[in-house]
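Welcome, and thanks for taking a look at this one with me. Here are some notes to read alongside the structure, point by point.

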Amino acid sequence: MQPVLRKAGIFGMGLLGGSVGLGLRERFLAQEVHAYDPDPEALEAALAVGAADRVHTELGAWVAELDLGVLAAPVGALPELGRAVSAYAAPHTLWTDVGSVKGPVVAALTPLLPRFVGGHPMAGSERSGVRHAHAGLLENAVWVITPSEATPPEDQRALAQLVQHLGAYPLILPPALHDRLVARISHLPYLLAVALNLLVAQNGEREHLMFLAAGGFRDLTRVASGSPRMSRDMVRENRAALREALADFRAVLEELEALLEDPEGLLAAAIRAKRTRDSLPIVRRSLLPEMYDLVVQVPDRPGQIARIATALGEAGVNIKDIEVLTIRDEGGAIRLGFGSREESARARQVLEQIGYRVR
Ligand SMILES: NC(=O)c1ccc[n+]([C@@H]2O[C@H](COP(=O)([O-])OP(=O)(O)OC[C@H]3O[C@@H](n4cnc5c(N)ncnc54)[C@H](O)[C@@H]3O)[C@@H](O)[C@H]2O)c1
Ligand SMILES: O=C(O)C(=O)C[C@]1(C(=O)O)C=C[C@@H](O)C=C1
């Protein structure tokens, strides 16, 4: 079986870079995943968690051999990183990034890297670093793709296909529109989480306040625990759109303050807000914890699923979930979910004994 890509490279091996690396490897989408990061500890961790096959603290001739390059450093570092990799980049490589802001990034990288198409997975976590990465982070996420006017349709299609192979949903948006929308749905909420924490931090009764923090404060402010550098770059680089969102937010707060004297008006506002919050689309995440999943590489021949199911059934292993990940002419991969770590380990043993490659 031939994977989709021969060599993929990830530049910035943190939470997002690591999750892309794990997705590529676990879904057999690349034969070899290379990782670049100036921090040797991040690279060591990438090898330990299985997010990369080869690691580099220096850019070099290896960059020219990539079929795909994913820039996954903090947004403020992307233009300089793009300039640095462009010294080695070959014309055939498809380049993308996962940065949270698109306008300035697309403007800086498009002239530097032939075949660059911007991207932003709308998924993440308040944790940072590759040790918290997992392929499931990107599954079922909306992944925005922001072509420029010069992007060839085949490059946009190639990135959209890769996003789908990683289990996410591609959504095409112009960079400026992306930035206006995420200013409201992601960057403003981050800034508010920071503001709420600063409000507590500067209060004389801070210790008591923190002791009383229940689900409300915790849910509302979770993202303030994210990487300060990553988040600082995100809001700074999108400051123009964020200022507009902040102005609208101040107006809403003032309206709500006035409604404190108007119980009926306040109730109507609360009902409207509840309706909006309750109608957020439900994102279906994998029903089983990631650690009980196995991905099995299968040749494109009849009877593979039956062969796997029979072998596991005879060994008394119960398959709880099954998903066909990628089947092309040459073969593909199947994800199997199990109810416990022990069953997953037993399944791996059984499948390897009858000749399957399993991750
Ligand atoms: N964390 C999220 O929830 C989230 C979600 C979607 C997109 N993003 C975007 O993904 C990117 C990475 O964020 P993250 O959360 O993985 O951060 P992270 O802090 O977990 O990892 C960032 C990594 O980039 C490395 N790095 C720093 N400067 C670099 C450089 N010049 N060249 C190469 N590597 C460099 C760091 O050593 C680190 O390993 C950012 O652009 C961010 O905007 C983050
Ligand atoms: O922490 C999460 O759950 C996130 O989804 C993180 C989040 C967000 O809050 O929107 C943060 C920045 C991104 O660029 C994308 C996602």
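1. Overall size. Let us begin with the whole chain, keeping in mind that this is a predicted model. The chain has a radius of gyration of 23 Å, which agrees with the value near 21 Å that a compact globule of 359 residues would have. Along its principal axes, the C-alpha trace spans about 70 × 55 × 40 Å.

2. Parts list. You will find 13 helices and 12 strands in the chain. The chain is divided into domain 1 (5–174), domain 2 (178–278) and domain 3 (290–358). If you want a feel for the layout, look at domain 2 and domain 3, whose C-alpha centres lie 45 Å apart.

3. The parallel sheet. Five strands make an open sheet with parallel pairing, in the order β3-β2-β1-β4-β5. Its edge strands, each paired on one side only, are β3 (54–56) and β5 (94–97). From one strand to the next, the twist averages 20°.

4. A pair to inspect in that sheet. Strand β1 (residues 5–11) pairs with strand β2 (residues 30–36) in the parallel sense, over 6 bridges. Which residue in β2 is the bridge partner of lysine 7? The partner is glutamate 32. Helix α1 is worth finding here too: α1 lies across β1, β2 and β4 (68–71), and runs at about 165° to β2.

5. The mixed sheet. A second sheet to look at is an open one of 3 strands, ordered β6-β7-β8, and its pairing is mixed. Here β6 (118–121) and β8 (169–172) are the edge strands, each pairing on one side only. The twist in this sheet averages 25° from one strand to the next.

6. Details of the mixed sheet. Strands β6 and β7 (residues 142–146) run antiparallel and are joined by 4 bridges. Opposite histidine 120 stands valine 144, in β7. Helix α5 (residues 153–165) packs on this sheet and touches β6, β7 and β8, with its direction making about 170° with that of β7.

7. Where ligand 1 sits. Which domains give residues to the shell around ligand 1? Both domain 1 (5–174) and domain 2 (178–278) do, so ligand 1 lies between them. There are 30 residues around ligand 1, and the closest are Gly12, Gly14, Ser100, Gly124 and Ser128.

8. What builds the shell of ligand 1. Some of the elements met above return here: α1 (15–26), β6 and α9 (228–237) each supply at least two residues of this shell. Of the elements, α1 gives the most, with 3 residues. Sorted by class, the shell around ligand 1 has 16 nonpolar, 12 polar and 2 charged residues.

9. The shell of ligand 2. Around ligand 2 you will find Ser100, Met122, Ala123, Gly124, Ser125, Glu126, Ser186 and Val223. By class, this shell has 3 nonpolar, 4 polar and 1 charged residues. Two names may look familiar: Ser100 and Gly124 are around ligand 2, and they are also among the closest residues to ligand 1.

10. To take away. If you keep one picture from this note, let it be ligand 1 lying between domain 1 and domain 2, with α1 giving the most to its shell. That same α1 lies across β1, β2 and β4.

Note on methods. Residues numbered from 1 in each chain as written. Chains lettered and ligands numbered in written order. Predicted model: local features only at pLDDT ≥ 70, side-chain atom pairs only at ≥ 80, totals over all residues. Domains from an automatic or database assignment. Near = placed C-beta within 6 Å. Nonpolar A, V, L, I, M, F, W, Y, C, P; charged D, E, K, R; others polar. Pairing = 2+ DSSP bridges. Axes fitted to C-alpha atoms, helices over the stretch in contact; angles between N-to-C directions. Contact = placed C-beta atoms within 7 Å. Rg over C-alpha atoms; globule rule 2.2 N^0.38 Å.
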